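Visitor: Could you take me through a close look at one buried serine and then place it among other features of the model? I would value a connected account rather than a list.

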Amino acid sequence: MKQAKLAAALGAFGITLSIAAVADDNYRHHHDLPAGQVPESASEWFQAGQAAVRLNKYELPNLRRAKNVILFVGDGMGVSTVTAARILEGQMNGRDGEFNRLSFERFNHTAHSVTASANQQTSDSAPTATAMVSGVKANDGAISVDQSVARTETSADVTAAKSVKTILERAEERGMSTGVVTTARFTHATPAVNYAHIADRDWEADSNLPAGATVKDIARQLLEFPYGDGLEVALGGGRSYFMPKTATDPEYPTQKGRRADSRDLTAEWTAKYNNSEYVWNQAQFDAVNPAKTDHLLGLFERSHMRYEADRKDDAAGEPSLAEMTEKAIKVLQKNRKGFYLMVEGGRVDHGHHAGNAYRALTDAIALSDAVKKAKQLTNDKDTLILVTADHSHVFTIAGYPSRGNPILGKTAIDGVESKDSLGLPYTTLSYANGPGWTGGLQRKEFNPANEGTVAAEYAGNKLRPDLSAVDTENPNYMQEATVPMGSETHAGEDVTIYADGPGAYLVRGTLEQNVIYHIMADALGWNDRR
């Protein structure tokens with residue numbers, strides 16, 4: 001009977017599966033389900049996700065339910081990024097980089113995640129993050145609204161009608177504690193999908209909204225969050241989106257806020273919640289006592305937080321991703337009903353867009369450190385931890401370098417530099433497109449002062465620079481790109497999901513990205529079929 005019901009459920013989506021095959025103990029090792037009908041609505045995506053979870057549940061015995069769920073998202077952390085970060089971390093610590101493993105690579109369960117959105121082959125972060133937290137695939141730029149919404153939709157009523165409920169909202173409905181931690185702006189796409197619903201990810205402050213719009217901007221939606229008692233933890237950057245245009249930034253006296261409605265949302269946070277804190281620098285953050293704080297808002301930069309490589313240079317001081325993760329868990333775990341927490345390493349993505357592998361990889365390592373801290377503070381018996389990416393980047397590891405060759409260095413075999421067909425050395429790491437293009441006798445380096453670029457010396461007069469005298473391991477070196485673009489682009493290949501804890505056994509095979517929500521919901525016992 002179980003097999004028949006399962007086959008019927010999958011058949012609704014064009015997936016044919018024989019009862020004999022389901023009963024076969026070895027089926028999971030060799031099955032290849034034929035392509036079915038692509039879901040065309042929120043409800044079909046939701047049901048397809050549930051069906052995928054039921055299939056995985058049948059093949060392995062149920063485990064205990066999770067009390068807590070932590071979702072780590074390395075923004076743009078594709079497979080090549082994980083590999084290069086693994087090697088770099090090992091080499092930075094004097095170990096065999098190739099044999100090294102990032103903390104989450106030691107998790108017991110893995111799967112591929114298909115990142116294509118409802119209307120994109122290669123996606124941006126808004127629909128990919130929406131898929132993970134709502135169980136529904138969406139269109140480009142969409143923040144937790146379904147695929148029927150146009151990106152130009154400014155009506156509050158239409159947006160509300162087309163909104164898809166998120167795992168954070170459902171957790172708040174059930175009395176759980178919730179939090180989001182990011183190194184990007186808190187109103188940026190990935191963190192925003194947890195608490196906001198809007199057609200365009202760029203509408204972060206009211207000054208960003210089109211004229212006549214009735215939908216609330218993303219920052220305002222955090223303060224007017226209608227579920228439960230609101231988020232317990234909100235840590236990241238982007239404080240200018242919460243401050244009025246008349247207010248002076250506390251860290252940068254010449255800069256003002258972005259809000260045109262005169263509202264100071266940071267002050268509203270502490271006025272709204274009992275036992276609440278708002279902090280914007282390291283000293284204030286360090287002083288927060290999790291035992292006495294029930295609602296914590298921390299906004300440590302006007303825009304995105306510093307890259308991990310540059311964090312030490314911030315005059316006011318910024319906490320690391322691991323430090324923010326630790327503080328968040330200590331605030332959230334006071335709730336006996338459990339918690340949901342998303343932690344985003346948002347600047348992995350930005351390092352790649354800038355064509356600067358060093359900053360992308362060191363931020364990926366910082367995410368690994370945060371995962372390690374979370375494992376230390378939680379218990380596998382009651383906490384499901386997932387680590388994944390929203391999408392990849394056109395970032396490659398090439399040539400035939402010897403094992404142990406510096407991953408940021410020039411490709412060499414047994415210490416002898418490899419040469420291209422022009423007789424010039426080249427780096428192991430490069431990009432298919434981006435600002436590192438060197439055609440036309442030009443080269444650039446990353447400028448940490450403004451996170452832009454500066455002109456760099458170009459040796460030789462050939463089609464590529466002669467890198468013989470260039471220190472490619474310098475943190476500001478920008479890897480070469482094949483196609484010239486102002487910003488390197490995302491890539492469309494699958495990314496990996498790593499899982500440990502209750503429900504982690506459901507992470508296997510190749511899954512549509514929206515299935516991640518259904519795995520979390522099932523682990524928490526929200527699926528009534530359990």
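Guide: Helices and strands are here DSSP runs, of at least four residues for a helix and at least two for a strand, numbered from the N terminus. The model is predicted. In these terms, Ser-240 sits in the loop that runs between strand S4 (233-237) and helix H11 (265-272).

Is Ser-240 buried or exposed? Its relative accessible area is 0%, and because anything under 20% counts as buried, Ser-240 is buried. The side chain of Ser-240 has polar partners nonetheless. One is the side chain of Arg-258, with which Ser-240 makes a polar contact of 2.7 Å. Another is a backbone atom: the oxygen of Arg-302 lies 3.0 Å from a polar atom of the Ser-240 side chain. Arg-258 and Arg-302 also appear among the residues in contact with Ser-240 once its neighbours within four places in sequence are set aside; the others are Lys-256, Gly-257 and Arg-259.

A second serine may be set beside this one. Ser-134 belongs to helix H6, and with a relative accessible area of 1% it is buried. What does the side chain of Ser-134 meet on the backbone oxygen of Thr-130 and the backbone nitrogen of Val-136? A polar atom of that side chain lies 2.7 Å from the oxygen of Thr-130 and 3.2 Å from the nitrogen of Val-136. Beyond its neighbours within four places in sequence, Ser-134 is in contact with Phe-46, Val-164, Lys-165, Thr-166 and Tyr-517.

From these polar contacts one may turn to charged pairs. Side chains of opposite charge can pair when their charged atoms come close. The count of salt bridges in this model comes to 30. Arg-306 takes part in two of the pairs described here: with Glu-301 the closest N and O atoms are 3.7 Å apart, and with Asp-314 they are 3.8 Å apart. Arg-306 is partly exposed, at 25% relative accessibility, whereas Glu-301 is buried at 6% and Asp-314 is likewise buried at 6%.

Another pair joins Asp-200 and Arg-151, whose side chains meet in a salt bridge of 3.4 Å, N to O. This pair links distant parts of the chain, 49 residues apart: Asp-200 lies in the loop between helix H9 (189-192) and helix H10 (218-223), and Arg-151 in the loop between helix H6 (125-134) and helix H7 (156-161). Asp-200 counts as buried at 11% relative accessibility, while Arg-151, at 31%, counts as partly exposed. Elsewhere, salt bridges link Lys-216, Arg-220, Glu-224, Arg-263 and Glu-268 in a network.

Arg-306 also leads to a further feature, the internal space. Rolling a probe the size of a water molecule over the atoms shows where empty space is left. The structure holds 1 cavity of 30 Å³ or more, and the largest cavity contains about 80 Å³ of space. Arg-306 is one of the residues that line the largest cavity, and the lining also includes Thr-183, Met-305, Tyr-307, Glu-308 and Arg-311. Pro-319, Ser-320, Leu-321, Gly-345, Asp-363 and Ala-366 are further members of this lining. Sorted by class, the lining comprises 5 nonpolar, 3 polar and 4 charged residues.

Note on methods
Residues numbered from 1 in each chain as written. Predicted model: local features only at pLDDT ≥ 70, side-chain atom pairs only at ≥ 80, totals over all residues. Heavy atoms only, no water. Buried < 20%, exposed > 50% of the residue type's maximum accessible area, 1.4 Å probe, protein only. Polar contact = N/O pair within 3.5 Å; in protein donor to acceptor, adjacent residues only side chain to side chain. Contact = heavy atoms within 4.5 Å. 1 Å grid on protein atoms, 1.4 Å probe; cavity = no way out; pocket = protein on both sides within 12 Å on 5 of 7 lines; lining within 4 Å. Points joined across faces, edges and corners; volume = space filled by probe spheres on them. Nonpolar A, V, L, I, M, F, W, Y, C, P; charged D, E, K, R; others polar. Salt bridge = Lys/Arg side-chain N within 4 Å of Asp/Glu carboxyl O.
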